[in-house]
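Q: Please take a close look at one part of this model, the helix that carries a surface patch, and then follow the chain and the space around that part.

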Amino acid sequence: MVAVTHSHTHDSEERERKQARRLLAVLVLIALSFVFELVGAKAARSDALEADAFHLLMDVFAIGISLMAMRVASMRPSDRFTFGLRRAESMAALVNGVIVVGVAIELVRDAVRDLLSSEAAPQSGIMLIVASVALIVNGASAWLLHGVMGRAHDHPHDHAHGAHDHPHAHGQEEEYRAGPHGHHLNLRGAWLHLVGDALGSLAAFGAGLAIRMGAPALVDPLAAFVVVAILLVGATRLLRDASMVLLEAAPMRLDVLKVKKTIVSLPGITSLHALHVWSLGTGHDAVTVHVVTDGSQPGLATELGELIRERFHVEYVTVQVDVEALDNLKVA
């Protein structure tokens with residue numbers, strides 16, 4: 001006997017539309033900011049502003065990738081992609097992380113070049129104006145995106161109006177719903193770019209202010225090193241999380257040992273095997289397990305599936321039950 005439990009929320013589609021609208025608004029803001037900052041960098045003859053402007057251009061591409069990945073990940077499952085394309089977001093997050101590393105390397109190269117050069121200091125007045133506008137735009141964009149990221153942390157169980165449990169026959173198509181926080185990893189990748197933009201603008205503003213007050217021009221490249229360090233820390237975490245999803249590792253929030261103990265705690269279960277815990281994408285966790293029962297508890301498959309779903313907030317649960325009388329409890 002096999003029971004499959006799948007939970008969904010009725011407001012998840014509206015939540016995803018809101019996330020996509022916010023991301024599109026951020027994309028437009030950053031694109032306009034790039035044009036403004038590049039023109040200002042040329043006028044100020046500032047390498048720092050120019051580097052930050054091209055950082056914005058990279059983010060335009062990265063956020064565009066994130067938006068496209070959200071659209072793809074929300075597509076219904078097909079005969080070929082039976083789980084849908086949710087891992088497109090993890091792949092996009094991986095690309096975003098690589099882009100951040102590439103930008104960080106380029107910023108280091110520019111900073112080293114500026115430290116070794118003897119060029120005249122940039123025009124600090126223009127630097128301050130352009131960096132201030134860029135900082136406001138980047139901060140507003142990060143705030144817009146963080147608003148839907150906060151919702152992404154909410155748990156499906158907390159918002160669920162209902163769930164359904166039913167056995168599935170082969171070829172039966174199930175209604176598709178993305179979890180309310182299923183786009184979190186992808187959104188965090190885009191948000192990381194925006195934070196990096198804000199830090200770059202802040203560094204440019206600080207350098208312009210210092211130069212305005214008489215500091216040597218080398219404070220500009222030195223400030224860039226601080227931004228690079230922060231970017232690399234965030235990129236490392238993003239790459240790690242995306243890789244764990246693609247490698248089908250058990251999510252960090254799900255303790256496999258606790259899942260085992262919960263399963264064998266139900267009366268009637270004598271052993272378990274083939275326990276698999278993984279994630280289709282952040283917020284779309286799955287558990288499959290085969291259990292052996294003594295047959296004393298009818299409806300055990302449905303009960304166990306519901307228990308795992310509610311206790312561990314797992315979206316997909318598949319339980320296979322085999323009836324066999326055993327004397328000893330074994331956990332494989």
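**Helix α3 and its surroundings**

A: V112 sits in helix α3. The model is a predicted one. V112 has a relative accessible area of 36%, and it is called partly exposed because that value falls between the limits of 20% for buried and 50% for exposed.

V112 belongs to a nonpolar patch on the surface, together with L115, L116, L218 and L222. The accessible area of these residues together is about 450 Å². Helix α3 covers residues 87–116 and supplies three residues, the largest share of the patch.

Helix α3 also takes part in the lining of a cavity. The model has three cavities of 30 Å³ or more. The largest cavity has a volume of about 200 Å³. It is lined by 17 residues, and A48, A51, L107, D220 and A224 lie nearest its centre. Two or more lining residues come from each of α2 (47–73), α3, α6 (184–212) and α7. As for how such a space is found, rolling a probe the size of a water molecule over the atoms shows where empty space is left.

Next comes the stretch that follows α7. Helix α7 spans 219–246, α8 spans 256–264, and E248 lies in the loop between them. Most residues other than glycine have a negative phi. E248 is not a glycine, yet its phi is positive, at about 60 degrees. With a relative accessibility of 47%, E248 counts as partly exposed, because this value is not over the 50% needed for exposed.

The start of α8 has a cap. D255 caps the N-terminal end of this helix, with a side-chain oxygen 2.9 Å from the backbone nitrogen of L257. Within α8, the residues V259, T262, I263 and V264 are buried.

A second residue with a positive phi is found in another loop. H313 is not a glycine either, and its phi is about 55 degrees. The loop that holds H313 runs between α9 (300–312) and β5 (316–323). H313 has a relative accessible area of 24%, so it is partly exposed and not buried, since buried means under 20%.

To return to the starting point, V112 in helix α3 is one of the residues of the nonpolar surface patch, while α3 also gives two or more residues to the lining of the largest cavity.

How values were computed: Residues numbered from 1 in each chain as written. Predicted model: local features only at pLDDT ≥ 70, side-chain atom pairs only at ≥ 80, totals over all residues. Heavy atoms only, no water. Patch = residues over 30% accessible without salt bridge, like charges linked within 9 Å, V, L, I, M, F, W, Y side chains within 5 Å. Areas by Shrake-Rupley, 256 points an atom, 1.4 Å probe, with all protein chains shown as cover. Salt bridge = Lys/Arg side-chain N within 4 Å of Asp/Glu carboxyl O. Helix = DSSP H or I, 4+ residues; strand = E, 2+ residues; numbered from the N terminus. Buried < 20%, exposed > 50% of the residue type's maximum accessible area, 1.4 Å probe, protein only. Polar contact = N/O pair within 3.5 Å; in protein donor to acceptor, adjacent residues only side chain to side chain. 1 Å grid on protein atoms, 1.4 Å probe; cavity = no way out; pocket = protein on both sides within 12 Å on 5 of 7 lines; lining within 4 Å. Points joined across faces, edges and corners; volume = space filled by probe spheres on them.
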